[in-house]
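The questions below go through the structure shown here, and each answer works towards the name or value that was asked for.

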Amino acid sequence: MGNVYSLYVGDDCRVSGLLQGRITYAGMPGPGTFSLVHKRDVGAQYAYNLFYSVASREISVGGVHIRVESVNPEMITIHVREP
């Protein structure tokens, strides 16, 4: 089980289990790389970029498991598994 999100560059979604934070799609800085941002907005204010190969399908952000369904320079579709 989990939720599926389609995010355009700059869009974010709140993810349960992610230390009261959000995930933002930051686009593709290169042809073979995409970036997600983990933003923490409760208890502390910080964010950091994470870079992945476009071939990556199973990733983890802050202990939350995410399956990348599709990614292109404008949009990413992810399936976030429930913690």
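Q: With which residue does the side chain of H38 make a polar contact?
A: In this predicted model, the side chain of H38 has a polar partner that is also a side chain, and the two are 2.7 Å apart. A pair of N or O atoms has to lie within 3.5 Å to be counted as such a contact. The partner of H38 is Y48.

Q: Is H38 buried or exposed?
A: H38 is found in strand β4, which covers residues 33–40. A residue is called buried when its relative accessible area is under 20%, and H38 has a value of 1%, so H38 is buried.

Q: What distance separates the C-alpha atoms of H38 and G21?
A: Along the chain, H38 and G21 are 17 residues apart. Their C-alpha atoms are separated by 7.0 Å.

Q: Which residues of strand β2 point to the buried face?
A: The side chains of β2, residues 12–15, alternate between two faces. D12 and R14 point to one of them and are not buried, which leaves the other face to C13 and V15.

Q: Which residue of β3 is the bridge partner of R14?
A: Strand β2 runs antiparallel to β3, residues 21–25, and four bridges join the two. The partner that R14 has in β3 is R22.

Q: Which strand gives the most residues to the largest nonpolar core?
A: The largest nonpolar core has 19 residues, and F34, L36, I66 and I76 are those with the most contacts inside it. At least two core residues come from each of β1, β2, β3, β4, β5, β6, β7 and β8. The strand that gives the most, with four residues, is β7.

Q: Which residues is I66 in contact with, leaving aside its neighbours within four places in sequence?
A: I66 is one of the residues with the most contacts inside the largest nonpolar core. With those sequence neighbours left aside, its contacts are I23, R57, E58, I59, V61, I78, H79 and V80.

Q: Which strands stand at the edges of the open sheet?
A: Four strands form this sheet with antiparallel pairing, in the order β1-β8-β7-β6. Neighbouring strands are turned by 35° against each other on average, direction ignored. Two strands have a single partner each, so one side of each is left without a neighbour in the sheet, and these are β1 and β6.

Q: Which residue of β8 is the bridge partner of Y5?
A: Strands β1 and β8 run antiparallel and are joined by seven bridges. In β8, the residue that pairs with Y5 is I78.

Notes. Residues are numbered from 1 along each chain as its sequence is written. This is a predicted model: local features need pLDDT of at least 70, side-chain atom pairs count only at pLDDT 80 or more; totals for chains, interfaces and linings use all residues. Side-chain values use heavy atoms; hydrogens and water are left out. Buried means under 20% relative accessible area, exposed over 50%, partly exposed in between (1.4 Å probe, protein chains only). Two strands pair if DSSP finds at least two bridges between them. A polar contact is a pair of N or O atoms within 3.5 Å; within protein, one must be able to donate a hydrogen and the other to accept it, and residues adjacent in sequence count only if both atoms are side-chain atoms. A nonpolar core is a set of buried Ala, Val, Leu, Ile, Met, Phe, Trp, Tyr and Cys residues joined through side-chain atoms within 4.5 Å. Contact means heavy atoms within 4.5 Å. Axes are lines fitted to C-alpha atoms, for helices over the stretch in contact, and angles run from 0 to 180 degrees between N-to-C directions.
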